[in-house]
Amino acid sequence: MTITNDLQPLHEAMRGWRQHLHRHPETAFEEVETARFVAEKLKAFGLTVHEGLGKTGVVATLSSGIGKRTIGLRADMDALFIEEKNTFPYKSEHHGKMHACGHDGHTAMLLGAAKILTEKPNFDGTVVFIFQPAEEGRAGAKRMIDDGLFERFPVEQVFGMHNFPDIPAGHFAVRPGPMMASFDCFEIRVKGRATHAAMPHLGTDAIVAAAQIVNALQTIVSRTVDPADSAVVSITQVHAGNTWNAIPEEAVIRGTYRCFKPSVQRLVGEKIGRIVDGVCAGLGVAAEIAFNPENPGYPVTFNSEVETALATQAAIAVAGEDGVDLGPTPCMGSEDFAFMLQEKPGCYLWIGNGPSRNSCLLHNPHYDFNDEILPTGSAYWVKLVETVLPAR
């Protein structure tokens with residue numbers, strides 16, 4: 001199979017699908033029209049389609065030959081709450097929402113692969129195409145798993161792919177072990193006693209305590225985590241007070257921490273609790289800590305050795321040895337595909353989206369998926385299926 005002969009005729013169709021999805025972004029668990037669009041395409045290809053898994057997820061299956069082995073290929077479908085600043089004709093029509101992470105492209109590439117594999121099923125076994133909702137902070141992968149994804153579709157291995165700016169367009173990057181970091185967030189509510197700003201001695205200052213906590217949290221990575229391990233603790237929100245002349249009763253701190261080992265993930269969480277308790281005890285205030293109040297937290301995205309070797313083989317077949325980076329630096333970003341990798345062995349790789357010039361970075365209001373890599377991404381999926389499930 002070559003990209004030119006087999007996938008170029010599909011390029012314009014995939015471009016159209018991708019730009020349609022970009023124009024109509026839907027966020028976590030609201031991907032109703034997106035799911036309908038995906039399901040209609042899959043049915044038109046002749047696939048067996050299952051809808052509503054994980055609320056708005058779509059799953060399709062395709063079997064060829066007599067083989068009993070089954071693999072899963074996953075693409076995410078959701079958009080972000082970002083106001084788009086692009087001006088091209090297919091910019092978002094939904095105020096405050098846009099495909100700023102390329103999930104529109106991921107969906108289009110997997111649809112393209114499904115069409116090719118349906119028309120030319122050069123494999124022996126079953127492929128499960130998983131179109132997942134709510135990757136962006138709402139753990140849609142876990143929702144699909146909890147809804148019986150792998151009981152209903154018992155795949156042996158599962159694979160994912162994400163575009164990555166500043167990797168050359170159409171190149172790949174992959175490695176065994178940690179690929180993306182874990183993700184946890186926290187909310188600390190510091191509760192003191194309000195008082196007039198001119199008489200601070202009559203109250204207990206939640207803002208001063210919050211400031212001490214923010215500073216102390218910065219010592220976790222530098223003085224608690226082994227220097228050989230990677231971790232980051234970031235404070236992203238501080239809220240307190242609403243007037244000039246009053247010390248408020250409460251201050252709220254929110255943030256996130258990320259790392260590449262479950263043991264470090266546990267350590268950082270424990271240390272946050274100890275620091276908050278210690279500071280509050282010293283300053284005479286109280287605090288409540290909530291970890292992951294809006295999602296379950298994401299584990300480390302960890303690629304297994306065997307499946308990474310298979311993914312590498314397929315990527316090299318498509319992009320050549322010079323087009324596959326086998327030693328990328330793991331990313332401190334997170335990915336809920338990690339939940340699937342906890343259930344099944346698999347591999348998650350990056351496909352290059354090209355230069356990030358003009359602020360074309362992920363989660364940026366100027367971001368746009370590079371349509372020129374659509375055939376390459378679909379070719380990878382097809383070659384991966386043929387590699388893992390070789391025809392007899």
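Let's start with strand E12, residues 250–259: eight of its ten residues are buried, so this strand is largely enclosed by the rest of the structure. Before I go on, please keep in mind that we are looking at a predicted model.

So who sits beside E12? On one hand there is strand E8, residues 184–191, which runs antiparallel to E12 and is joined to it by eight bridges. If you want to find that pairing on your screen, look for Val190, which stands opposite Ala251 in E12. Another pair to look for is Glu187, with Arg254 of E12 opposite. Then there is strand E10, residues 231–240, also antiparallel to E12, and here nine bridges make the join. In that pairing, Ile235 has Gly255 of E12 as its bridge partner.

Put these together and you get an open sheet of four strands, in the order E10-E12-E8-E13, with antiparallel pairing. E10 and strand E13, residues 286–291, are the edge strands; each has a single partner, so one side of each is left without a neighbour in the sheet. On average, and ignoring direction, neighbouring strands here are turned by 20° against each other. A helix packs on this sheet as well: H8, residues 262–283, touches E8, E10, E12 and E13, and its direction makes about 165° with that of E13.

As a reminder for anyone following the side chains, in a regular strand they alternate between the two faces of the sheet.

Now to the other sheet I wanted to show you. This one is open too, with eight strands in the order E1-E2-E4-E3-E5-E16-E6-E15, and its pairing is mixed. Which strands stand at the edges? They are E1, residues 48–53, and E15, residues 324–325; each has a single partner strand, so one side of each lacks a neighbour in the sheet. Helix H11, residues 374–388, packs on this sheet, where it touches E3, E4, E5, E6 and E16, and its direction makes about 155° with that of E5.

Let me stay with E4 for a moment. Eight of the eight residues of E4 are buried, so this strand is largely enclosed by the rest of the structure. E4 covers residues 125–132, and it pairs with E2, residues 57–64, in the antiparallel sense over seven bridges. Two places to check there are Ser64, which stands opposite Gly125 of E4, and Val59, whose bridge partner in E4 is Ile130. With E3 the sense is parallel, and seven bridges join it to E4. Along that pairing, Asp76 stands opposite Gln132 of E4.

Last stop: the loop between helix H1, residues 3–23, and helix H2, residues 32–45, where we find Glu26. What is the nearest side chain of opposite charge to Glu26? That would be Arg36, 7.1 Å away; Glu26 is buried and has no salt bridge. What its side chain does have is backbone company. It reaches the backbone nitrogen of Val32 at 3.4 Å, and the backbone nitrogen of Glu33 lies 3.1 Å from one of its polar atoms. Beyond its neighbours within four places in sequence, Glu26 has contacts that include Thr34, Met77, Asp78 and Ala79.

Thr27 lies in that loop between H1 and H2 too. Thr27 is buried, with a relative accessible area of 2%. Leaving out neighbours within four places in sequence, Thr27 is in contact with Asp78, Ala79, Leu80, Phe81 and Lys97.

That's my tour, thanks for listening!

Notes:
Residues numbered from 1 in each chain as written. Predicted model: local features only at pLDDT ≥ 70, side-chain atom pairs only at ≥ 80, totals over all residues. Heavy atoms only, no water. Pairing = 2+ DSSP bridges. Contact = heavy atoms within 4.5 Å. Axes fitted to C-alpha atoms, helices over the stretch in contact; angles between N-to-C directions. Buried < 20%, exposed > 50% of the residue type's maximum accessible area, 1.4 Å probe, protein only. Lys, Arg positive; Asp, Glu negative; His and termini not counted. Salt bridge = Lys/Arg side-chain N within 4 Å of Asp/Glu carboxyl O. Polar contact = N/O pair within 3.5 Å; in protein donor to acceptor, adjacent residues only side chain to side chain.
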